[in-house]
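Please open the model in your viewer and keep the sequence panel beside it. The stops below each begin with a selection and then say what is to be found there.

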Amino acid sequence: MGSGQVTSSVPTGPSEFQGKHVTVAGLGVSGVPAAKVLHARGAIVTVVNDGDDARAREQAAQLEALGITVRLGDGATLPEGTELIVTAPGWKPDKPLFLAAEQAGVPVWGDVELAWRLRGLDGRKAAPWLAVTGTNGKTTTVQMLASILKAAGLRTAAVGNIGVSLLDAVLGNGEYGDLDVLAVELSSYQLHWAPSLRAHSAAVLNLAPDHLDWHGSMEAYAADKGRIYEGNRVACVYNVADKATEDLVREADVEEGCRAIGFTLGAPGPSQLGVVDGILVDRAFVENRHKNAQELAEVADVNPPAPHNIANALAAAALARAFGVPPTAVRDGLRAFRPDAHRIAHVADIDGVAYVDDSKATNTHAAEASLAAYEPIVWIAGGLAKGAVFDELVARSAQRLRGAVLIGADRALIREALARHAPEVPVVDLDRTDTGAMLQAVTEAKRLAQPGDTVLLAPACASMDMFTNYNQRGDAFAAAVRELGA
């Protein structure tokens, strides 16, 4: 790790936006709050948005009532006089708007960058950020972290890419008030547009190919993830089993004294957290860590205790311990945590077969982690592949498979990988995308399963070919299981 004081940028002063022409790119969860905040601070705000649907028009009317200019259906043209762009995180860097901004010397911030620069203003406490990114497990880890921090008596909130506005949190809007610390989930998109972010401590949980159409390459994707470590003050938390995360720590320019802290499902070495005889232990934030270890919790305290979820718990514990949280709070926070729906959620047991909904496993990395938690498995998979290939996933999971039921637009890619790497596994290929497809998939899975097996929905694909989102897909699975068991 590099060291030295970071001098990237000072927080924004309360009057810096007064009279400044700011273009907000995109409506939605981040754009609307950003436009309102900038307008309230005296900026001359223009919002541009590619879409012009009913939802966009509703949001536009809300902003126009405040005196904010909104241009729907035209997100490509740089408004005249623009001095700053604040973009929704999902807008790709190669959009014409940003190319025009680069040529004109106009800076581009994301909503995270705006929130970072606005923290601590208006006499408010600037709560430190404990930040989490990674290809998979971000939301669960941030929620675990918030639960641990609350168990320590700290005022906190899980915010960011989890669906909660960082701007609301740093400005104390609504339920937030003054917080002691923020548990922040950050996507690679958000990190790309957050050049001056400097967290108290941060974790990269894992790295696997994802969103490469947005970033352009795996190297660019990893580099954006690695931005989360820049300027860290206390700890850079990495995954011992994923060398790419440790490489990002080595490349980061951090403050003097910041430590590299690993987490592992094995026995931890010094400056690591890990597992010994069913106990989560800390050999990082203890005196004489070369000889001593601190018990934090039992594996049974993690809900559910699947391997990748234990890794999430260790990462959350590492960030909490970096913030000075006592061991008992780690245990109590993990016990109190309840995962969101559609994340390796047990739906029912029918005739000795467990039915598990992991609809959130929308890429191969997440699906592999899910498959590693059970055996034997009847696997329900398929959907939109997003450019993914499935050979490695199938090869690593083949020995666990009793059978597979394939659904969705790109199911042939998984079928072909199964034929290459698991030819003995029976496969049912469902050529239908109507609302009854999931019931047929579950019925076929039940036919293939034997007592003691797990029928696992871990699609390894996005859902939008058949469903609105992964939540609806998971709900359809759960409804089909309940109908099967009725």
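Select proline 304 to begin, which is found in the loop between β14 (294–298) and α11 (307–322); helices (H or I, at least four residues) and strands (E, at least two) are DSSP runs, numbered from the N terminus. Asparagine 303 and proline 304 are joined by a cis peptide bond, with omega at about -10 degrees. This is a predicted model, in which local features need pLDDT of at least 70 and side-chain atom pairs count only at pLDDT 80 or more, while totals for chains, interfaces and linings use all residues. Residues are numbered from 1 along each chain as its sequence is written, and side-chain values use heavy atoms, with hydrogens and water left out.

Go next to proline 376, in the loop between α13 (364–371) and β17, where the peptide bond from glutamate 375 to proline 376 is cis, with omega near -15 degrees.

Now turn to backbone phi and select asparagine 288, in the loop between β13 and β14. Its phi is near 50 degrees, a positive value in a residue other than glycine. At 43% relative accessibility asparagine 288 counts as partly exposed, given that buried means under 20% relative accessible area, exposed over 50%, and partly exposed in between (1.4 Å probe, protein chains only). Isoleucine 344 is not a glycine either, yet has a positive phi of about 35 degrees; this residue is found in the loop between α12 (327–336) and β15 (345–350), and its relative accessibility of 8% makes it count as buried.

From there, select isoleucine 279, which lies in strand β13 (residues 279–282) and, at 17% relative accessibility, counts as buried. If neighbours within four places in sequence are left aside, isoleucine 279 is in contact with Gly274, Glu295, Ala297, Glu298 and Val299, contact meaning heavy atoms within 4.5 Å. A distance drawn from the C-alpha atom of isoleucine 279 to that of glycine 324, 45 residues apart along the chain, comes to 20 Å.

The following stop is helix α16 (residues 437–448), whose twelve residues reach 17 Å from the first C-alpha to the last, close to the 16 Å expected at 1.5 Å a residue; the expected span is 1.5 Å times one less than the number of residues. Colour Ala437, Met438, Ala441, Val442, Glu444, Ala445 and Leu448, which are the buried residues of α16. They cover an arc of only 160 degrees around the axis, so they are on the same side of α16, the arc being that of the directions from the helix axis to the C-beta atoms. The elements against which these buried residues pack are β16 (353–357), β17 (377–381), β18 (401–406), β19 (427–429), β20 (454–457) and α17 (470–485).

Finish at the open sheet, where five strands with parallel pairing follow the order β3-β2-β1-β4-β5; two strands pair if DSSP finds at least two bridges between them. Because β3 (69–72) and β5 (108–110) stand at the edges with a single partner strand each, one side of each is left without a neighbour in the sheet. Strand β4 (residues 84–87) is joined to β5 by three bridges, and threonine 87 stands opposite glycine 110 in β5. Add helix α3 (residues 96–104), which lies across β1 (21–25), β2 (44–49), β4 and β5 and runs at about 150 degrees to β4. For such angles, axes are lines fitted to C-alpha atoms, for helices over the stretch in contact, and the values run from 0 to 180 degrees between N-to-C directions.
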